[in-house]
Amino acid sequence: MRQVNRFILSFAALFLAGGASAFAQPVDVALVMAVDVSESVDEGEYLLQHDGIARAFEDPVLAATIAAGRRGTIEVAVLEWSDRDKQVVTVDWTLIGDAASAAAFARKVRESQRSSNGLTAIGDALLAARALLDSAPAQADRKLVDLSGDGMANIGPPVRETRDALVADGITINGLAILASEPWLESYYDEYVIGGAGAFLLRAEDFSSFATAMHNKLLGEIAGLMPAAPPRGERRQAAQIQYVLSGAKPLKPTDE
């Protein structure tokens, strides 16, 4: 009996080691989707964001884009953020490499519940995203934070300094500015939020267009369409290129 138990334990150890090893294979992208759930986002608007992320991962085109990558796999987590002490992982790290795993991730998103509301602490959201990337189970060729929101930071550490610290760690921050309540938010995100190799910014005119903008943004991020590390003066042009690629209308130029 002792020998049988020893065999079972040895077999279990090999199985667990194999499973951990499989999950630890390198991936193309480690992506944190940082979603604004501050008090300016009402329940209907929250559901539009929630549904927009799920719909993007249910799309077979996105699944095919993931599978076409060098390694054919990405890892994704969802982080909801609002006030300084309210950054919550609502969907933990999930490996996606085909339509089935993308649909499973979408189900996790749909099953999750709103975690908070409060002020708009973008700097703290970026710090939480960096900590989440540090805990990612697999090594990634690229580390991305996909931060979406509808307002400027009104509490927390300086956003630009925090952004620069993440960029120094090799993290790219892309933005999706929702212009429903602050039409100038696009310029703010361009100046203070986005950064890193190939960083770009998309906008949604309101929450009803969030799903389309998020879908286009994810396609660009996963395919790696943007040029590497454009100078800040050229980042607006890079965003315009992304709009052309996605079929959306170009951004209006603004003074740097």
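Is Asp83 buried or exposed, and what is its relative accessible area?

## Asp83 and its surroundings

Asp83 is buried, because its relative accessible area is 16%, where buried means under 20%, exposed means over 50% and partly exposed lies in between (1.4 Å probe, protein chains only). Asp83 sits in the loop between β2 and β3; helices (H or I, at least four residues) and strands (E, at least two) are DSSP runs numbered from the N terminus. Once its neighbours within four places in sequence are set aside, Asp83 is in contact with Gly118, Leu119, Ala121 and Ile155, contact meaning heavy atoms within 4.5 Å. Ser38 is 45 residues away from Asp83 in sequence, while their C-alpha atoms are 7.0 Å apart in space.

## Basis of the description

This is a predicted model, in which local features need pLDDT of at least 70 and side-chain atom pairs count only at pLDDT 80 or more, whereas totals for chains, interfaces and linings use all residues. Residues are numbered from 1 along each chain as its sequence is written, and side-chain values use heavy atoms, with hydrogens and water left out.

## The sheet

An open sheet of six strands, with mixed pairing, follows the order β3-β2-β1-β4-β5-β6; two strands pair if DSSP finds at least two bridges between them. At the edges stand β3 (87-96) and β6 (201-204), each with a single partner strand, so one side of each has no neighbour in the sheet. From one strand to the next, the twist averages 15 degrees.

Within this sheet, β4 (residues 140-149) and β5 (residues 171-178) run parallel and are joined by seven bridges; Leu144 has Thr172 in β5 as its bridge partner.

## Two helices on the sheet

Helix α2 packs on the sheet, where it touches β1 (27-36), β2 (74-81), β3, β4 and β5, and its direction makes about 165 degrees with that of β1. Helix α8 lies across β1, β2, β4, β5 and β6, running at about 165 degrees to β4. Axes are lines fitted to C-alpha atoms, for helices over the stretch in contact, and angles run from 0 to 180 degrees between N-to-C directions.

The axes of α2 (residues 43-58) and α8 (residues 210-223) come within 8 Å and cross at roughly 40 degrees. That makes α2 oblique to α8, as angles under 35 degrees count as roughly parallel, over 145 as roughly antiparallel, 65 to 115 as roughly perpendicular and the rest as oblique. Residues of α2 including Leu48, Ile53 and Phe57 meet residues of α8, among them Phe210, Met214 and Leu218.
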